[in-house]
Amino acid sequence: MRETVLSLKGVEKVFGSFRALGPVDLDIGDGERLGIIGPNGAGKTTLINCITGVYRPDKGSVHFRGQDISHLEAHKRARLGIARSFQIPRPFTGMTVLENLLVPLDYCDVEGSKEQRAKSVLKSVGLSGRISHPSESLSQLELRKLELARALVGNPKLLIADEAMAGLSEEEIDEVLSILMKLNGQGVAVIMIEHIMHAVMRFSERIVCFETGQLVAAGTSKEIAENPLVQKVYFGE
Ligand SMILES: Nc1ncnc2c1ncn2[C@@H]1O[C@H](COP(=O)(O)OP(=O)(O)OP(=O)(O)O)[C@@H](O)[C@H]1O
Ligand SMILES: [Mg+2]
């Protein structure tokens, strides 16, 4: 049995009088690969924002490795080991690829030299050949890799990838998937939020589906693909 790395209980987020999320109960196991699917506006990014500390939930609790983090600021949650990549890559412009990693490293406790750590993370995502290049010169795939690398510098226990493959070709999707699989093999739990259905199905051990802020289905990829409710809400069938 896996230990629980992240546990959400009764989490709700309200914007004005509109409840964008919840109440949601969801546990994620140590080293698990969890996929999150759901139509546009289902509350997926809002959920991630409640986990990472961009938002504090209006109700409910978020526990990470047994600690109640519901009221912690985002940078403190990151320090504890929660990392995320953004739906739209946000590189620091006017800086090289290496410098883009040295900035977040200033906020991390790492063993040894920060430059060595940055280079080793860049190698793990396949960006070794680009370390001295300005971030503006990167391709879409390389920007996605840089986004992942920036999330990984702090050696997280949980990585949340919000649409890390949007806009990529099939070959490029395979490349990002293999980076995420390799990371997961090193013990990092991964939450993948993705609209690219075959990618999330290949990757995930378990998938949960959201609709209008509610978790409406959960199961293996096969179970989710065959779930009539998921077909209705997600595929419009
Ligand atoms: N800061 C905000 N203020 C007001 N409403 C918001 C805010 N953020 C999100 N919402 C609303 O909450 C709902 C959920 O949005 P969210 O971004 O979580 O959806 P999503 O599942 O990530 O969608 P997508 O697949 O398009 O990324 C939407 O109706 C959205 O308009
Ligand atoms: Mg989103």
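**Exercise 1. In which order do the six strands of the open sheet lie?**

Solution. The model is predicted.
Step 1: Read across the sheet. The order is S6-S7-S8-S3-S9-S10, and the pairing is mixed.
Step 2: Find the edges. Strand S6 (82-85) and strand S10 (214-219) each pair on one side only.
Step 3: Look at the twist. Neighbouring strands of this sheet are turned by 20° against each other on average, with direction ignored.

**Exercise 2. Describe how S6 pairs with strand S7 and name the helices that pack on the sheet**.

Solution.
Step 1: Recall the general rule. Strands of a sheet pair through backbone hydrogen bonds, either parallel or antiparallel.
Step 2: Apply it. S6 and strand S7 (residues 158-162) run parallel, with four bridges. Ser 85 has Ala 161 in S7 as its bridge partner.
Step 3: Add helix H5. H5 packs on the sheet and touches S6 and S7. The direction of H5 makes about 165° with that of S6.
Step 4: Add helix H6 (residues 170-185). H6 also packs on the sheet, touching strand S3 (33-37), S7 and strand S8 (189-193). Its direction makes about 150° with that of S8.

**Exercise 3. Trace the pairing from strand S1 through S4 to S5**.

Solution.
Step 1: Start with strand S1 (residues 4-15). S1 pairs with strand S4 (residues 59-64) in the antiparallel sense, over five bridges. Glu 12 is bridged to Lys 59 in S4.
Step 2: Move on to strand S5 (residues 67-68). S4 and S5 are antiparallel, with two bridges. His 63 has Asp 68 in S5 as its bridge partner.
Step 3: Inspect the turn. S4 and S5 form a hairpin with two residues between them. Arg 65 in this turn has a positive phi of about 45°.

**Exercise 4. Which residues of helix H3 are buried, and what covers them?**

Solution.
Step 1: Go to residues 97-105, helix H3. Val 97, Asn 100 and Leu 101 are buried there.
Step 2: Place them around the axis. They cover an arc of only 90°, so they lie on the same side of H3.
Step 3: Find the cover. It includes helix H4 (114-124) and helix H5 (140-152).

**Exercise 5. Which residues surround ligand 1, and which helix gives the most?**

Solution.
Step 1: List the shell. Phe 15, Ala 20, Gly 38, Asn 40, Gly 41, Ala 42, Gly 43, Lys 44, Thr 45 and Thr 46 surround ligand 1.
Step 2: Sort them. Three are nonpolar, six are polar and one is charged.
Step 3: Find the main contributor. Helix H1 (residues 44-52) gives the most to this shell, with three residues.

How values were computed:
Residues are numbered from 1 along each chain as its sequence is written. Chains are lettered from A and ligands numbered from 1 in the order in which they are written. This is a predicted model: local features need pLDDT of at least 70, side-chain atom pairs count only at pLDDT 80 or more; totals for chains, interfaces and linings use all residues. A residue is near a molecule or strand if its C-beta atom, placed from the backbone, lies within 6 Å of it. Ala, Val, Leu, Ile, Met, Phe, Trp, Tyr, Cys and Pro count as nonpolar, Asp, Glu, Lys and Arg as charged, and the others, Gly among them, as polar. Two strands pair if DSSP finds at least two bridges between them. A residue is buried if 20 or more other C-beta atoms lie within 10 Å of its own, exposed if 12 or fewer, and partly exposed in between; C-beta atoms are placed from the backbone. The arc is that of the directions from the helix axis to the C-beta atoms. Two residues are in contact if their C-beta atoms, placed from the backbone, lie within 7 Å. Axes are lines fitted to C-alpha atoms, for helices over the stretch in contact, and angles run from 0 to 180 degrees between N-to-C directions.
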